[in-house]
Amino acid sequence: MTARTIDGTAVARRVREDVARGVAELVADGGTAPGLATVLVGDDPASEVYVRNKRRLSTEAGMVDHHRHLPADVGQAEAEALLDELAADPAVSGILLQLPTPKHLDSDALVARIPAEKDVDGLSTLNAGLLAQGRPGLRPCTPAGVMRLLDEYEVELAGAEAVVVGRSALVGRPVAQLLLARNATVTTCHSRTRDLAEVCRRADVLVVAAGIPRLVGADAVKPGATVVDVGIHRGEDGLHGDVDFAAVAEVAGLLTPVPGGVGPMTIAMLLANTLTAARAQQGRGT
Ligand code: NAP
């Protein structure tokens, strides 16, 4: 193996410690502790685990837990009313609607009830538009986590060739926009890209968020490149990503593992967004 491994677990811990310090400073300065409202609809076991972790880590950082749980058969109007109530509650700094919601609900319409300043998942149309225009706003957590990892490992972005595999609103598209904002030359690949490996081989920085296990192999990586694997797949042999880690580690310069790479960063950046939102709402800058 030649690649250096990016330790997302350690970076995420540092981010959470920074957030905890920020919360303590806000309170010591006469402010109010940030409040995070996670909203879970139904009883999907994976979503329950994600929400439990978000709640635990937010309270460990000194935030106030405003979790709400709605039954799986809740109506659209009732779910929207709850989000409106949280939107109006000054104790709630951030609202996170755990996705996916049950199929009978219109999740886009639900997310639209979350005001941009409390949209700590960064998925509202307004925050997505601000990002697209290169203006300040709350950024989606996983893409923000990817950028933080690149910064922690001092990866040069200005002028770099960056290739992003995937164009989802949740990951690929915002990652590409964030890289562009940092003056990388960005190419976005998707399911219709003609020769994926050939395009990926151009990359100094390759971010893969396609949702296909081991899609990217050594033939798609330029020697010495930085490779960030956003994919998460649970196989019989444990968790793995969209990148063939063992093969790519022989070629890349810097590489995220799965687990222990991007995964832990998502919640850490959610906490960072919640602190940012609370500060802004309390007139203490961004
Ligand atoms: P998604 O909505 O399914 O999007 C996948 C994207 O990959 C689409 O844009 C799709 O292209 C593209 N794609 C599919 N097959 C491809 C191929 N053969 N070649 C090139 N591009 C291809 O998935 P997502 O929500 O972005 O998530 C991606 C992965 O990241 C998943 O494994 C997910 O579990 C993981 N994830 C991890 C975290 C974390 O915290 N670590 C957070 C979110 C997601 P089209 O647009 O043409 O369909």
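How are H2 and H10 placed relative to each other? In this predicted model, helix H2, which spans residues 45–60, packs against helix H10, which spans residues 263–281, at an angle of about 50° and with the two axes 10 Å apart. H2 and H10 are therefore oblique to each other, and H2 passes H10 in a right-handed crossing. On the side of H2 the contact is made by Asn53, Lys54, Leu57 and Ser58, and on the side of H10 by Ile267, Leu270 and Leu271. When these residues are sorted by class, the contact of H2 with H10 comprises four nonpolar, two polar and one charged residues.

A second pair of packed helices is formed by H6, covering residues 141–152, and H7, covering residues 172–181, whose axes lie 9 Å apart and meet at an angle of about 40°. That angle makes H6 oblique to H7, and the crossing in which H6 passes H7 is right-handed. Here H6 contributes Pro143, Ala144, Val146, Met147 and Leu150, which meet Pro174, Val175, Leu178 and Leu179 of H7. By class, nine nonpolar residues take part in the contact of H6 with H7, with no polar and no charged residues among them.

Helix H7 also has a place beside the strands, for H7 lies across E6, E7 and strand E8 (205–208), and H7 runs at about 170° to E6. These three strands belong to an open sheet of six strands, in which the order is E1-E12-E9-E8-E6-E7 and the pairing is parallel. The edges of this sheet are strand E1 (4–5) and strand E7 (185–189), each of which pairs on one side only. At the E7 edge, strand E6, made up of residues 161–165, pairs with E7 in the parallel sense over five bridges. Within this pairing, Val165 has Cys189 in E7 as its bridge partner.

At the level of the whole protein, the domain assignment gives two domains, with domain 1 covering residues 32–116 and domain 2 covering residues 140–263. The centres of domain 1 and domain 2, taken over C-alpha atoms, are separated by 29 Å.

Key:
Residues numbered from 1 in each chain as written. Predicted model: local features only at pLDDT ≥ 70, side-chain atom pairs only at ≥ 80, totals over all residues. Heavy atoms only, no water. Axes fitted to C-alpha atoms, helices over the stretch in contact; angles between N-to-C directions. Helix = DSSP H or I, 4+ residues; strand = E, 2+ residues; numbered from the N terminus. Parallel < 35°, antiparallel > 145°, perpendicular 65-115°, else oblique. Left-handed = near helix turned anticlockwise from the far one by under 90°. Contact = heavy atoms within 4.5 Å. Nonpolar A, V, L, I, M, F, W, Y, C, P; charged D, E, K, R; others polar. Domains from an automatic or database assignment. Pairing = 2+ DSSP bridges.
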